Amino acid sequence: MISRETIATTLADLGEPAYRSRQVYQALTRGFATDFAEMTTLPVALRRALAERLRPLSLEEVETRAAPRGAARKTLFRTADGEPVEAVLMTYATRATVCVSTQVGCAVRCTFCASGRLGLRRDLTAEEIVDQVLHFARELRPADRRVTNVVFMGMGEPFHNYDETLRACRMLNDEDGFGLAARAISVSTVGVVPGMDRFSEEPEQFNLAVSLHAATDALRDTLVPLNRTYPIDELFAASARYVRRTHRKLMFEYVVLRGVNDTDEQVQMLAARVRPPHYHLNLIAYNQTGGDFRRPRTADLNDLRARLESVGVSCTVRSSPGGEIEAACGQLALEHGAASAD
Ligand code: SF4
């Protein structure tokens with residue numbers, strides 16, 4: 001992807017009229033062109049001049065794995081400087097959701113997460129984030145389908161790369177380009193409180209989700225090390241400020257680790273914290289990454305949901321069609337030998 005600003009500057013330098021800029025931008029964001037040669041509305045000499053100066057794709061596809069029933073596809077890309085980036089497409093009856101990465105690796109180092117094992121390699125640019133979405137938009141097109149939702153829930157902590165994350169949200173949301181509704185875009189943070197406060201002041205109606213994973217500091221400190229910086233009281237104070245400012249609901253994501261965070265103590269604490277109508281809990285089965293944690297069985301998830309609902313928590317179990325293809329963030333990149341920082 002090339003930003004609108006870069007396209008405009010390059011065309012201005014080439015002495016081209018302003019309308020060319022929109023043509024090129026829309027060829028990339030609506031026509032999903034991967035090469036200037038495809039832009040047949042442009043004169044041949046201009047296509048050549050652009051190809052000498054700009055690269056439409058910031059990522060190269062390395063490998064794609066599809067789940068047996070075809071509901072999820074995970075792609076490993078490589079950046080121009082050789083870093084691994086992963087994204088997942090999950091298709092449902094009426095939706096097609098892309099889960100994007102915002103960083104290569106992650107500094108947060110959640111103990112159950114493969115990306116944490118990579119350590120932080122570098123932030124991704126907005127162009128590299130948007131290219132993950134355009135890749136799947138291109139794949140969906142022959143079936144006459146389109147990307148309906150984007151979640152920033154792959155490798156990385158989006159608010160540790162706030163500016164590029166927001167720029168990517170805006171590029172995806174641009175009515176003149178890709179045109180995805182703000183409400184179809186969700187950013188998921190593990191609880192970076194300053195980022196949550198900043199995000200609540202943005203004018204667009206992008207969704208926010210918080211990866212909670214535990215409801216007591218004692219447990220959360222061990223699962224999400226960032227909890228020592230922003231403990232649960234602060235996290236929920238920021239959540240309340242977000243709801244007050246935006247009048248929007250807040251989704252809490254909860255990766256269920258069998259026998260660890262599905263105990264009665266956690267259920268009681270969740271009941272005290274995650275109160276409807278503004279808060280909703282989304283239970284996600286942990287994808288085994290070869291560590292010490294165990295994936296819950298379907299019966300365990302249903303039992304946990306029933307216990308939570310019995311104490312008044314609004315909650316759902318998210319189907320995770322990516323289980324068979326190592327869809328948990330960072331897993332494919334780890335397999336491809338990205339240096340583990342452990
Ligand atoms: S779960 Fe998210 S925040 Fe935690 S280490 Fe993995 S990518 Fe980072």
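This passage walks through the predicted model, from the overall fold down to single residues.

To start with the whole chain, the protein folds into twelve helices and twelve strands. Its radius of gyration comes out at 21 Å, close to the 20 Å that the globule rule gives for 342 residues, so the chain is as compact as a globular protein of that length. Laid along its principal axes, the C-alpha trace spans about 70 × 40 × 40 Å. Burial is counted for 46% of the 342 residues. As for how the chain meets itself, take the contacts between residues at least 6 apart in sequence: 66% of them join residues at least 24 apart.

Next come the domains. The assignment splits the chain into domain 1 (4-53) and domain 2 (59-335), and the C-alpha centres of the two sit 34 Å apart. Where they meet, five residues of domain 1 are in contact with six residues of domain 2. On the domain 1 side, the touching residues break down into two nonpolar, two polar and one charged.

Within the stretch assigned to domain 1, helix 2 (residues 19-29) has R20, V24, Y25, A27, L28 and T29 as its buried residues. These buried residues pack against helix 1 (4-13). Further along, helix 3 (residues 44-53) holds R48. This arginine counts as partly exposed because 13 other C-beta atoms lie within 10 Å, and a residue needs 20 or more to be buried and 12 or fewer to be exposed. R48 also gives a feel for distances across the model: R48 and R228 are 180 residues apart in sequence, and their C-alpha atoms are 54 Å apart in space.

Now for the inside of the protein. In soluble globular proteins, nonpolar side chains tend to be buried together. Here the largest nonpolar core takes in 96 residues, and V98, V130, V133, L172, F252, V256 and L281 are the ones with the most contacts inside it. Helix 5 (residues 126-140) is the biggest giver, with seven residues in this core. Domain 1 and domain 2 both supply residues to the core, so it lies between them. V98 shows what such a spot looks like up close: setting aside neighbours within four places in sequence, V98 is in contact with A87, L89, Q132, V133, F136, V147 and V150.

L308, in helix 11 (residues 298-310), is another residue with plenty to look at. It is buried, because 21 other C-beta atoms lie within 10 Å and 20 are enough to qualify. Not counting residues up to four places away in sequence, L308 touches V267, L270, L281, V313 and C315; L281 is also among the residues with the most contacts in the largest core. L308 and A271 are 37 residues apart in sequence, yet their C-alpha atoms are 7.0 Å apart. T222, in helix 8 (residues 217-223), has 13 C-beta neighbours inside 10 Å and counts as partly exposed. Its C-alpha atom is 13 Å from that of I232, ten residues away along the chain.

The ligand has its own set of neighbours. Twelve residues surround it, and C106, V108, C110, C113 and G116 are the closest. Sorted by type, this shell is made up of seven nonpolar, three polar and two charged residues.

Finally, the backbone has a few oddities. Most residues other than glycine have a negative phi, and most peptide bonds are trans. D144, although not a glycine, has a positive phi of about 60°. This aspartate lies in the loop between helix 5 and strand 7 (149-152), and it is exposed, with 6 other C-beta atoms within 10 Å. H247 also has a positive phi, near 60°, and its place is the loop between helix 9 (232-246) and strand 10 (250-256). H247 is exposed too, with 9 other C-beta atoms within 10 Å. As for peptide bonds, the one from P276 to P277 is cis, with omega near 10°. P277 belongs to the loop between helix 10 (264-273) and strand 11 (279-285).

Key
Residues are numbered from 1 along each chain as its sequence is written. This is a predicted model: local features need pLDDT of at least 70, side-chain atom pairs count only at pLDDT 80 or more; totals for chains, interfaces and linings use all residues. A residue is near a molecule or strand if its C-beta atom, placed from the backbone, lies within 6 Å of it. Ala, Val, Leu, Ile, Met, Phe, Trp, Tyr, Cys and Pro count as nonpolar, Asp, Glu, Lys and Arg as charged, and the others, Gly among them, as polar. A nonpolar core is a set of buried Ala, Val, Leu, Ile, Met, Phe, Trp, Tyr and Cys residues joined through C-beta atoms within 7 Å. Helices (H or I, at least four residues) and strands (E, at least two) are DSSP runs, numbered from the N terminus. Domain bounds come from an automatic or database domain assignment. Two residues are in contact if their C-beta atoms, placed from the backbone, lie within 7 Å. The radius of gyration is taken over C-alpha atoms; the globule rule is 2.2 Å times the number of residues to the power 0.38.
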